[in-house]
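Here's a quick briefing for anyone opening this structure for the first time. Take a look at it below, then read on for a short tour.

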Amino acid sequence: MKKYIGKRIISFLIVLIGVSVLSFLLIAWSGKDPAEIIAHRGVSNPTPEQIEMIRVEMGLDQPLPVRYIQWLSGMFTGELGTSLTTHQPIVKDLHKYLATTTSLVGMAILWIIVLTVPVSLLCARKRNRLFDQVTRGITICGICVPTFWLGFLLLLFFAIHLKWFSVLPSPGWRGFLLPSFALAVPSSCSLIRIMRSSLLAELSSDYVRFAKARGLSANRILVCHILRNALPPVVTIFFQQFGFLIAGGAVIESVFSIKGIGTYLVDSVVAADTIAVSTCIVVIAAIFVVANFMADIINRLLCPWMVREENDT
């Protein structure tokens with residue numbers, strides 16, 4: 001396990017360095033000049049001299065390698081400059097907006113767990129029966145439905161017709177109920193299909209027949225024996241979905257007027273704020289890589305015999 005963790009940490013650093021280089025170069029070569037955008041905000045028709053003065057003040061006149069090293073050192077020291085969209089320090093913005101997105105995604109994960117595990121177990125227990133058939137249709141529709149459209153439907157029904165919620169987000173956890181549910185539905189539907197297939201695949205294993213021969217009930221076999229062995233593919237997809245929820249929450253944040261990291265990233269792209277965009281991309285990439293790393297660790301703890309089979313091969 002120590003060797004495995006060491007290898008994953010090295011690959012983690014390599015991925016982050018690659019993402020940082022690519023994101024910085026792509027934003028720098030995007031064709032937008034942040035100095036020109038800032039100049040046009042202050043003056044309707046800025047002169048080339050004014051634009052060049054702003055470019056020198058921002059350090060955009062320096063070569064790309066020098067600007068990249070300065071930005072990378074700022075990632076470790078916390079000195080990333082001021083955002084062009086909020087006019088606040090970028091580090092302060094990241095703490096604020098990432099905390100909001102983390103709360104939203106955390107509640108979405110609770111929805112995913114509550115919906116996925118019991119529904120998948122019931123589908124496997126009642127294979128090809130009415131409940132399984134109805135769930136199959138609902139999950140297919142849930143996978144295909146756009147999250148922004150589902151968000152608008154939830155607002156229309158619960159906020160406008162029933163008036164249980166307000167259109168603008170309420171303070172506290174109540175304001176995250178509808179957006180987190182809309183964010184969780186597609187992931188829950190896909191995980192239900194994956195977990196059901198994994199549970200049914202384990203049902204044909206030899207240890208299941210042995211447990212039946214011992215006289216164990218079907219529910220006990222399903223929960224106490226099959227569930228653990230069926231979890232590894234579900235855990236892998238679940239933690240991959242966690243990274244997608246962080247990055248893809250911008251649409252839901254826009255629908256429900258929530259200021260999170262996704263909205264901040266979109267605003268920074270529009271404003272050609274290269275430092276803020278590059279920093280957001282690296283942070284999201286780090287979350288995604290860490291999530292996949294945690295999935296591997298949990299799978300190895302759940303099913304250590306899989307590790308022995310890998311070493312034998």
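Which helix does leucine 155 lie in? That's helix H7, which covers residues 147–161. Keep in mind that this is a predicted model. It's a helical protein through and through, with 14 helices and zero strands.

**The big picture**
- Reading along the sequence, you meet the pattern α-α-α-α-α-α-α-α-α-α-α-α-α-α.
- Measured out along the principal axes, the C-alpha atoms fill a box of roughly 85 × 60 × 30 Å.
- The protein has 313 residues, and buried ones make up 42% of them.
- Take the contacts between residues at least 6 apart in sequence: 75% of those join residues at least 24 apart.

**Nonpolar cores**
- In soluble globular proteins, nonpolar side chains tend to be buried together.
- The largest nonpolar core here holds 64 residues, and the members touching the most others are Leu183, Leu199, Phe256 and Tyr264.
- Apart from that one lies another core of five residues, including Ala35, Ala39, Ile51 and Leu60.
- Setting aside neighbours within four places in sequence, phenylalanine 256 is in contact with Gly151, Leu155, Pro169, Leu178, Pro179 and Ala182.

**Back to leucine 155**
- Leucine 155 counts as buried because its relative accessibility is 8%, under the 20% cut-off.
- Its contacts, again leaving out neighbours within four places in sequence, are Ile160, Ser166, Val167, Val255 and Phe256.
- Serine 23 is 132 residues away from leucine 155 along the chain, and their C-alpha atoms are separated by 35 Å.

**Serine 268**
- You'll find serine 268 in helix H12, which spans residues 261–270.
- Is serine 268 buried or exposed? With a relative accessibility of 0%, serine 268 counts as buried.
- A polar atom of the serine 268 side chain lies 2.8 Å from the backbone oxygen of tyrosine 264, and Tyr264 is also one of the well-connected residues named for the largest core.
- Not counting residues up to four places away in sequence, serine 268 touches Thr85, Asp273, Ala276 and Val277.

**How H1 and H13 pack**
- Two packed helices are described by the angle between their axes and the distance between the axes.
- Helix H1 (residues 2–28) packs with helix H13 (residues 274–302) at an angle of about 160°, and their axes are 9 Å apart.
- That angle is over 145 degrees, so H1 is roughly antiparallel to H13.
- The crossing of H1 and H13 is right-handed.

Conventions:
Residues are numbered from 1 along each chain as its sequence is written. This is a predicted model: local features need pLDDT of at least 70, side-chain atom pairs count only at pLDDT 80 or more; totals for chains, interfaces and linings use all residues. Side-chain values use heavy atoms; hydrogens and water are left out. A nonpolar core is a set of buried Ala, Val, Leu, Ile, Met, Phe, Trp, Tyr and Cys residues joined through side-chain atoms within 4.5 Å. Buried means under 20% relative accessible area, exposed over 50%, partly exposed in between (1.4 Å probe, protein chains only). Contact means heavy atoms within 4.5 Å. Helices (H or I, at least four residues) and strands (E, at least two) are DSSP runs, numbered from the N terminus. A polar contact is a pair of N or O atoms within 3.5 Å; within protein, one must be able to donate a hydrogen and the other to accept it, and residues adjacent in sequence count only if both atoms are side-chain atoms. Axes are lines fitted to C-alpha atoms, for helices over the stretch in contact, and angles run from 0 to 180 degrees between N-to-C directions. Angles under 35 degrees count as roughly parallel, over 145 as roughly antiparallel, 65 to 115 as roughly perpendicular and the rest as oblique. A crossing is left-handed if the near helix is turned anticlockwise from the far one by less than a right angle, and right-handed if clockwise.
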